[in-house]
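Hi,

Here is the structure I promised to pass on to you. Open it in your viewer and keep it beside this email while you read.

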Amino acid sequence: MAENKVQLSKSDRMSVCMRHQFLQGSWNYERMQNGGWCFSMIPAIKKLYPNKEDQVEALKRHMEFYNTHPYVSAPVIGVTLALEEDRANGAPIDDAAIQGVKVGMMGPLAGVGDPVFWFTLRPILGALGASLALSGSIVGPLLFFFVWNIIRVAFLWYTQEFGYKVGTSITKDLSGGLMGKITEGASILGMFIIGSLVQRWVSISFTPVVSTVEQSAGAYIDWANLPAGTDGIREALTQFASLGANGLDVMKVTTLQANLDQLIPGLAAVCLTLLCCQLLKKKVSPIVIIIALFAVGIGAHLIGLM
């Protein structure tokens, strides 16, 4: 069996890395980056599975939902390459294990990619290039273009190789249940990250007014008696800092959303997320859910509910 062992060469992994740069080339609302991911895996799948039926099955399992930062996705695809390689050589790795590792890694890594690349590295290089360009030097845009892409491509390649080597070592201890523990832990971590981001990603606000109460003197800003000029502005800002938004008007308006926030902040967002998860579990198409959310949102706004 050792003579027949199939292994991905450096050239094969390089082909995957080059294709992986187009991860978001076929982004869609249903499964996000799955098309680009599957496209990236094609060279490896062809090498690992000579039989056409096996290739089709392998590509099908890589058409599942996938979404993360396009650069930090590289170590994920590296680990996946190692898992596919060991599976092709007879290791007991099933579809759930591969998908579980992908989902478990993509959540935490997505939170790292944005601040490192979009909010730190690119603005710094852009500011440096712009400052040189403003002085009339052509080096500015060239510096940004070359340095950014050198860093980007190098990061994609070396982190993919790191993931590939780590993935190979993981699959060597399958008999001890390590793969099952990693899959379970990665899935739990991924669900934890997604759950913690519900409040940030899902926004629901119910607008119906529950009560309108006239506030007593001192509980609101008396705009008519403020000093003139800048002293009045300073006094208004000082009072606002202590009274908050409720101090802007003599009438205190309490909405349904304010009451819900006092009870359990983000309750409606969590309930909506759980409902969508339940519908997905029942095989309802994500496109149908998205259209339904648009329809409900527009209808609720027209009747004054949201």
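Which residues does W148 touch, not counting residues up to four places away in sequence? Before we get to that, please keep in mind that this is a predicted model.

**W148 and its neighbours**

The residues in contact with W148 are Y71, F117, W118, L121, R122, L125 and L143. You will find W148 itself in helix α6, which covers residues 139-170. W148 counts as buried because its relative accessibility is 9%, and the cut-off for buried is under 20%. Try selecting G126 as well: 22 residues separate G126 and W148 along the chain, and their C-alpha atoms are 9.1 Å apart.

**Another part of the same helix**

V139 also belongs to helix α6. Is V139 buried or exposed, or something in between? With a relative accessibility of 44%, V139 counts as partly exposed, since that class lies between 20% and 50%. V139 helps to make a nonpolar surface patch of about 630 Å², together with I138, L142, F145, F146 and I150. Colouring these residues should help you to see the patch.

**Helix α3 and its two sides**

Next, have a look at helix α3, residues 52-61, where Q55, A58 and R61 are buried. Why do they count as being on the same side of α3? The reason is that they cover an arc of only 130° around the axis. K52, E53 and K60, on the other side of α3, are exposed. What do the buried residues of α3 pack against? Their partners are α2 (34-48), α4 (74-88) and α5 (95-134). There is also a detail to find at the start of α3: a side-chain oxygen of N51 comes to within 2.8 Å of the backbone nitrogen of E53.

**S40 in helix α2**

Helix α2, one of the partners of α3, contains S40. S40 counts as buried because its relative accessibility is 0%. Where does its side chain reach? The side chain of S40 comes to the backbone oxygen of G36, at 2.8 Å. Leaving out residues up to four places away in sequence, S40 is in contact with V16, R19, H20 and I77.

Enjoy exploring, and write back with any questions!

Best wishes

How values were computed: Residues are numbered from 1 along each chain as its sequence is written. This is a predicted model: local features need pLDDT of at least 70, side-chain atom pairs count only at pLDDT 80 or more; totals for chains, interfaces and linings use all residues. Side-chain values use heavy atoms; hydrogens and water are left out. Patches are made of residues with over 30% relative accessible area and no salt bridge: like charges are joined within 9 Å, nonpolar side chains (Val, Leu, Ile, Met, Phe, Trp, Tyr) within 5 Å. Accessible areas come from the Shrake-Rupley method with a 1.4 Å probe; for residues, only the protein chains shown count as cover. A salt bridge is a side-chain nitrogen of Lys or Arg within 4 Å of a carboxyl oxygen of Asp or Glu. Helices (H or I, at least four residues) and strands (E, at least two) are DSSP runs, numbered from the N terminus. Buried means under 20% relative accessible area, exposed over 50%, partly exposed in between (1.4 Å probe, protein chains only). The arc is that of the directions from the helix axis to the C-beta atoms. Contact means heavy atoms within 4.5 Å. A polar contact is a pair of N or O atoms within 3.5 Å; within protein, one must be able to donate a hydrogen and the other to accept it, and residues adjacent in sequence count only if both atoms are side-chain atoms.
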